[in-house]
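Have the sequence and the 3D view open together. This report starts with one helix and works outward to the rest of the chain.

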Amino acid sequence: MPRSVQAVYLKPLKRKAQHGYPSCDLQLRSYSVRNVEFFADFALRAAYYLHLPALGPIPLPRITERWTVPRSNFVNKKSQENFERITLRRLIQVHDGHPETVEIWLAFLRRHAYYGVGMKANIWEHESLGVGKTMDVSLENLKANLEPRWAHFGRRKNPATSERVYDMMNEDLLRHNSDAPLSG
């Protein structure tokens, strides 16, 4: 049997984190144990081949939801039916991953998502010291660029359209039919 086929039957390979800085927490949710375990295995194998140190799958507490509803309406209140839904969760943690690689990994998982499995990711990005000063400068530039657009917020026309409408209303034909000129 080829080595690649044998690897399918073994646990997924994992890389060790050097520094232990968290990069991403991926939470998988499903109503089926088989689906969530299969997709967690797939996600760990994808992380290994993208050189991401991943931990998991860590089982999280189950979410149990119960409902009681009457079987029929009106008089038969004593005849009720109970329903239960159990959500199974697994956590995969990625440490020391480059933000772009983590984004590629998450996009790959989204593209090859398994039916019945939901994903929620918390991503952490680390910046250098003094990033606040550069953010303040970029905010001022952004405000200056957005100011003309905010003036017409909520309208479906750009500034040139509103100027043309104002010129049309001040034309001689319109002004001649109405007695008062429009002021702007």
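Helix α2 covers residues 33-49, which is 17 residues. From its first C-alpha to its last, α2 reaches 25 Å, close to the 24 Å expected at 1.5 Å a residue. The expected span is 1.5 Å times one less than the number of residues. Helices (H or I, at least four residues) and strands (E, at least two) are DSSP runs, numbered from the N terminus.

This is a predicted model, where local features need pLDDT of at least 70, side-chain atom pairs count only at pLDDT 80 or more, and totals for chains, interfaces and linings use all residues. Residues are numbered from 1 along each chain as its sequence is written, and side-chain values use heavy atoms, with hydrogens and water left out.

**Helix α2 and its ends**

Which residues of α2 are buried? They are Asn35, Val36, Phe39, Ala40, Ala43, Leu44, Ala46, Ala47 and Tyr48. Buried means under 20% relative accessible area, exposed means over 50%, and partly exposed lies in between (1.4 Å probe, protein chains only). An α-helix has 3.6 residues a turn, so residues three or four places apart point the same way.

The buried residues of α2 pack against β1 (22-30), β2 (54-70), β3 (80-95), α3 (99-111) and β4 (117-123). Contact here means heavy atoms within 4.5 Å.

Ser32 caps the N-terminal end of α2. A side-chain oxygen of Ser32 lies 3.4 Å from the backbone nitrogen of Arg34. Ser32 itself sits in the loop between β1 and α2. Ser32 counts as partly exposed because its relative accessibility is 26%. Now look along the chain from Ser32 to Arg89, 57 residues apart: their C-alpha atoms are separated by 9.8 Å.

**Backbone oddities**

Most residues other than glycine have a negative phi, and most peptide bonds are trans. Two residues other than glycine with a positive phi are set out here.

| Residue | Phi | Place | Relative accessibility |
|---|---|---|---|
| His51 | near 60° | loop between α2 and β2 | 57%, exposed |
| Asp96 | near 55° | loop between β3 and α3 | 25%, partly exposed |

His51 comes just after α2. A cis peptide bond joins Gly56 and Pro57, with omega at about -5°. Pro57 lies in strand β2.

**A buried glutamine**

Gln27 belongs to strand β1. Why does Gln27 count as buried? Its relative accessibility is 12%, so Gln27 counts as buried. The side chain of Gln27 makes a polar contact with the side chain of Arg29, at 2.7 Å. A polar contact is a pair of N or O atoms within 3.5 Å; within protein, one must be able to donate a hydrogen and the other to accept it, and residues adjacent in sequence count only if both atoms are side-chain atoms. Leaving out residues up to four places away in sequence, Gln27 touches Leu60, Arg89, Arg90, Leu91, Gly118, Met119 and Lys120.

**The largest pocket**

Rolling a probe the size of a water molecule over the atoms shows where empty space is left. On a 1 Å grid over the protein atoms alone, a pocket is an open set of points where a 1.4 Å probe fits, with protein on both sides within 12 Å along at least five of seven lines. Lining residues have an atom within 4 Å of a point.

The largest pocket holds about 220 Å³ of space. Its lining consists of Arg3, Ser4, Ala7, Val8, Leu10, Lys11, Pro12, Leu13, Arg45, Ala46, Tyr48 and Tyr49. The elements that give two or more residues to this lining are α1 (3-8) and α2. By class, the lining has 8 nonpolar, 1 polar and 3 charged residues.

**The whole chain**

How many helices and strands does the chain have? There are 6 helices and 4 strands. From the N terminus on, the elements run α-β-α-β-β-α-β-α-α-α. Of the 184 residues of the chain, 20% count as buried. Among contacts in the chain with a separation of 6 or more, residues 24 or more positions apart account for 75%.

Note on methods: Points joined across faces, edges and corners; volume = space filled by probe spheres on them. Nonpolar A, V, L, I, M, F, W, Y, C, P; charged D, E, K, R; others polar.
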